[in-house]
Amino acid sequence: MSPSTLGESEQLDIKLPATKANHTADTGPTTQLCHWVANLRPEDIPESVLARAKYLILDGIACALVGAKKLGPVAAAMMNAAFIQATELDDYHSEAPLHAASIAIPSIIAASEVLKRERKAVSGIQAILAAIVCFETGPRIGKAVHGADLLVNGWHCGAIYGAPAGALAAGKTLDLSSDFMEDAVGIACTQACGLMSAQYGGMIKRVQHGFAARNGLLGALLAHGGYEGIKKVLERPYGGFLTMFTKGNGKDTQYKPQEVTAELGSFWHTFALRIKMYACCGLTHGAIEAIENLQRQYPTLFAGSNLHNVKRVSVELSHSSYSHCGWLPEERPITSTAAQMSAPYIFATQFVDRQCLLAQFSERDGNLERPEVWNLAKKFNLRHNEEFDKLDQTSGGHVVVEFIDGTKVEETVAKPRGVKEPISNELILEKYRLLVGSILDQNKVQDIEQMVLNLESMGDISPLVEVLNSSVRPVFG
């Protein structure tokens, strides 16, 4: 969790910028969003949203600490984001898929270290505000480019619109003015990247939200130092963020700039962030839950000893889910990344193990080569169902299981747990204790928990950062 973001030879000489002209007279969505972020205060936010943000931070920290045992990228903001993403148990947004905590937490920690060198402390309430900024802006910018539609077109969507969200989170931590905030967003957006072909193997898929955190942080640091970025970057018709990432999408409305600022301060996307209960792509969770329901309803049919009698499994998914996950690897062995992104493999794993947690996707001891999983995976027939393209149903699924004796059972889950209703704060806390309790002693688990859940009372978050640093023992290679 080291917050240093640049190598010793790459350290930026960050200085407080001189004043410069303010361009807030512009009423475009980029300026409006930056003005809202720069002027956001704790009293503007409902207590329930402030509390929820702390639990989302706690969940992100849990994923980071568990993931840190598995992956070690080179730059700290990128590394910490990759740690959070490494588990596939982190948060996601069902309408505009991104993993917000993997962007917010690394950006805030790194920005706080910059201020520490300037002998300035970041308070707990500042950190909460910065996290909420990321939680609120990322999904809005994502919805402006049709959210999960970027997956259909091969972009790793969260890594794309996570970049400006990271810039705004880091910018809020650095207390940038709205004008400098717009510079930060412009610098971050011109770096936005992420190819979804990363899902087929290797480790780089984990790092792509790290690119977003790194790009956003760099944008904020450069703006903090007085470096000017692209103004009106979201809405520019030529070379702008919204137009470039929606080219060729075939939509009647190519992009929706009004979504960038829609219901700011009245509707809170912080509660629309979903907490994963399965360690795999969130767009498959409805179908997993449908399989779980069938396993409970028909225990004999779905007993392990009877799985060889499964003849065919048909699964209907949303367009984004089908495009993103509706494939079975042609070559083996596969990596954990590929296993967690392949819907047939994921569903077959649920049949065999009756769960989809970290252990199911471990590469240790030939776990990903089990014949009972592969034999079942080949019996899956997936297709797109337009009904699941509707708002909030992109992670839904319809499952039909046919057996050799002619028995056929089916189940539909339009909205899985966490999408149908938010996972409770109590369940998030249980998940944190389960994950972190497996790698740290109980005293440290409790220390982190207490600091995060009482974050608003901390005048300086440095003690929390120090505890997190001392908790990580990354294994490289």
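# A tour of rings, cavities and unusual backbone

Begin by selecting Phe241 and Phe245, both of which are buried; keep in mind throughout that what is on the screen is a predicted model. With the two side chains displayed, leave them in view for a moment, since another ring pair should be looked at before their geometry is described.

**Aromatic pairs**

Nine aromatic pairs are present in the structure. One of them is formed by Trp36 and Trp268, whose rings are 6.4 Å apart centre to centre with 45° between the planes, a tilted arrangement. Trp36 belongs to helix 1 (residues 29-39) while Trp268 sits in the loop between helix 10 (241-244) and strand 2 (273-274), so this pair ties together parts that are 232 residues apart in sequence. Colouring by accessibility will show Trp36 as buried, at a relative accessible area of 15%, and Trp268 as buried too, at 9%. Returning to Phe241 and Phe245, you will find their ring centres 5.0 Å apart and their planes at 55°, so this pair is likewise described as tilted.

Next, select Phe302, Phe347, Phe351, Phe380 and Phe403 together, because ring pairs link these five residues into a cluster.

**Arg332 and the bond that follows**

Move on to Arg332 and Trp374, where the arginine lies over the face of the tryptophan, 4.2 Å from the ring centre. Keep Arg332 selected and add Pro333: the peptide bond that runs from Arg332 to Pro333 is cis, with omega near 5°. Pro333 itself is in the loop between helix 12 (319-325) and helix 13 (336-341). As background for this stop and for a later one, most peptide bonds are trans, and most residues other than glycine have a negative phi.

**The largest cavity**

Now turn to the empty space inside the model, where four cavities of 30 Å³ or more can be found. The largest cavity holds about 170 Å³ of space. To centre the view on it, select Pro97, His99, Leu151, Cys281 and His324, which are, among its 17 lining residues, those nearest its centre. Showing helix 7 (157-173) and helix 9 (204-224) as ribbons is useful here, as each of them supplies at least two residues of the lining of the largest cavity. By class, that lining divides into eight nonpolar, six polar and three charged residues. Where does the largest cavity lie with respect to domain 1 (73-275) and domain 2 (282-413)? Both domains give residues to its lining, so the largest cavity lies between them.

**The second largest cavity**

The second largest cavity contains about 130 Å³ of space. For this stop, select Ile57, Ile61, Ile105, Ile108, Ile109, Ala127, Leu455, Ile461, Leu464, Val465 and Leu468, the residues that line the second largest cavity. This lining has 11 nonpolar residues, no polar ones and no charged ones. Helix 2 (47-67), helix 4 (100-117) and helix 18 (462-471) each supply at least two residues of the lining of the second largest cavity. Domain 1 (73-275) and domain 3 (425-469) both contribute to that lining, so the second largest cavity lies between these two domains.

**Positive phi angles**

Go next to Glu263, which has a positive phi of about 55° although it is not a glycine. Glu263 lies in the loop between helix 10 and strand 2, and at 52% relative accessibility it counts as exposed. Then select Asp365, where phi is also positive, at about 55°, although this residue is not a glycine. The loop between helix 14 (343-353) and helix 15 (371-377) holds Asp365, and with 83% relative accessibility Asp365 counts as exposed.

**Two contacts across the sequence**

Stay in the loop between helix 14 and helix 15 and select Arg370, which is placed there. Is Arg370 buried or exposed? With a relative accessibility of 15%, Arg370 counts as buried. Adding Thr349 to the selection gives a C-alpha to C-alpha distance of 9.7 Å from Arg370, for two residues that are 21 residues apart in sequence.

For the final stop, select Ser112 in helix 4, a residue that counts as buried at 6% relative accessibility. Add Thr173 and display the C-alpha atoms of the two residues, which are separated by 6.8 Å although Ser112 and Thr173 are 61 residues apart along the chain.

Notes. Residues are numbered from 1 along each chain as its sequence is written. This is a predicted model: local features need pLDDT of at least 70, side-chain atom pairs count only at pLDDT 80 or more; totals for chains, interfaces and linings use all residues. Side-chain values use heavy atoms; hydrogens and water are left out. Rings of Phe, Tyr and Trp (its six-membered ring) pair if their centres lie within 6.5 Å; planes under 30 degrees apart count as stacked, over 60 as edge-to-face and the rest as tilted. Helices (H or I, at least four residues) and strands (E, at least two) are DSSP runs, numbered from the N terminus. Buried means under 20% relative accessible area, exposed over 50%, partly exposed in between (1.4 Å probe, protein chains only). A charge sits over a ring if NZ of Lys or CZ of Arg is within 6 Å of the ring centre and within 35 degrees of the ring normal. On a 1 Å grid over the protein atoms alone, a cavity is a set of points where a 1.4 Å probe fits but cannot get out, and a pocket is an open set with protein on both sides within 12 Å along at least five of seven lines; lining residues have an atom within 4 Å of a point. Grid points are joined across faces, edges and corners, and a volume is the space filled by probe spheres set on the points. Ala, Val, Leu, Ile, Met, Phe, Trp, Tyr, Cys and Pro count as nonpolar, Asp, Glu, Lys and Arg as charged, and the others, Gly among them, as polar. Domain bounds come from an automatic or database domain assignment.
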